[in-house]
Amino acid sequence: MTNIEITNMILEFFISRGIKTRIRVNNERKDETHYAPVIQIDVDFKGQLSEQFAFFYFVDDSIINFSVIYKMKQPLDGSKFRELADSIRGQIAPFEEFVKTDDDAYLFELFREMKTADFSGGLLEELLNLFTEKDGVIEKLRSMSDGF
């Protein structure tokens, strides 16, 4: 499946379910010698902007990335971040990584990088279920978040 087909699949999947999406295309530096178009598809699951979820990938790459970023109410120092990560570790599929940068003590990210060959409609269903469960891990993160 090409990245253009994946883009169409993502947009069709969420739009057909009444979920707002926004697509952006920018040129970004891919390596030392050239720039390439990057697609970013923002998905607004609840219309509350309590999280920032997006798919993002170079048009000509074999990798699809997606992440969700939360701005927490309390800063997450090293021990608080590890405690939070440990408490939700088994509940974040299809995400695979927890990301906490030193740039902002309040930001926390769930992230995944996957091969385009592994991308499927089943992944989109998993994401939809994860973000629409009433008592799941995403609701827990939303309650800890200040929004953007």
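Is Asn3 buried or exposed? Asn3 is buried: its relative accessible area is 5%, and the cut-off for that label is under 20%. Keep in mind as you read that this is a predicted model.

## Asn3 and its partners

Asn3 belongs to helix H1, which covers residues 3-15. Its side chain has a couple of backbone oxygens to talk about. A polar atom of the Asn3 side chain lies 2.9 Å from the backbone oxygen of Phe58, and the side chain of Asn3 also reaches the backbone oxygen of Val59, at 3.1 Å.

What else does Asn3 touch, leaving out residues up to four places away in sequence? The list is Tyr57, Phe58, Val59, Asp60, Asp61, Ile64 and Thr116. Phe58 and Val59 are on that list, and their backbone oxygens are the ones mentioned above.

## Aromatic pairs

On to the rings. The count of aromatic pairs comes to 16. Take Phe81 and Phe108: their ring centres are 5.7 Å apart and their planes sit at 65°, so this pair is edge-to-face. Phe81 is in helix H2 (residues 78-88) and Phe108 is in strand E6 (residues 107-115), so the pair ties together parts that are 27 residues apart in sequence. Both Phe81 and Phe108 are buried.

Now for Phe95 and Phe131. With ring centres 6.2 Å apart and planes at 70°, this pair is edge-to-face, because an angle over 60 degrees earns that label. Here, too, distant parts of the chain are linked: Phe95 is in the loop between H2 and strand E5 (97-99), Phe131 is in helix H3 (residues 121-132), and the two are 36 residues apart.

How buried are these two rings' residues? Phe95 has a relative accessible area of 3%, so it counts as buried. Phe131 comes in at 0% relative accessibility, so it is buried as well.

## A phenylalanine cluster

Which residues do ring pairs join into a cluster? They are Phe13, Phe14, Phe45, Phe53, Phe55, Phe66, Phe95, Phe119 and Phe131. Phe95 and Phe131, the edge-to-face pair described above, are both members of this cluster.

## Charges over rings

Two rings also have a charged residue over the face. Arg17 lies over Phe13, at 3.7 Å from the ring centre, and Phe13 is one of the cluster members. Lys30 lies over the face of Phe58, at 5.5 Å from the ring centre. Phe58 is a residue you have met already: Asn3 touches it, and its backbone oxygen lies 2.9 Å from a polar atom of the Asn3 side chain.

Conventions: Residues numbered from 1 in each chain as written. Predicted model: local features only at pLDDT ≥ 70, side-chain atom pairs only at ≥ 80, totals over all residues. Heavy atoms only, no water. Helix = DSSP H or I, 4+ residues; strand = E, 2+ residues; numbered from the N terminus. Buried < 20%, exposed > 50% of the residue type's maximum accessible area, 1.4 Å probe, protein only. Polar contact = N/O pair within 3.5 Å; in protein donor to acceptor, adjacent residues only side chain to side chain. Contact = heavy atoms within 4.5 Å. Phe/Tyr/Trp six-rings, centres within 6.5 Å; stacked < 30°, edge-to-face > 60°. Lys NZ or Arg CZ within 6 Å of the ring centre and 35° of its normal.
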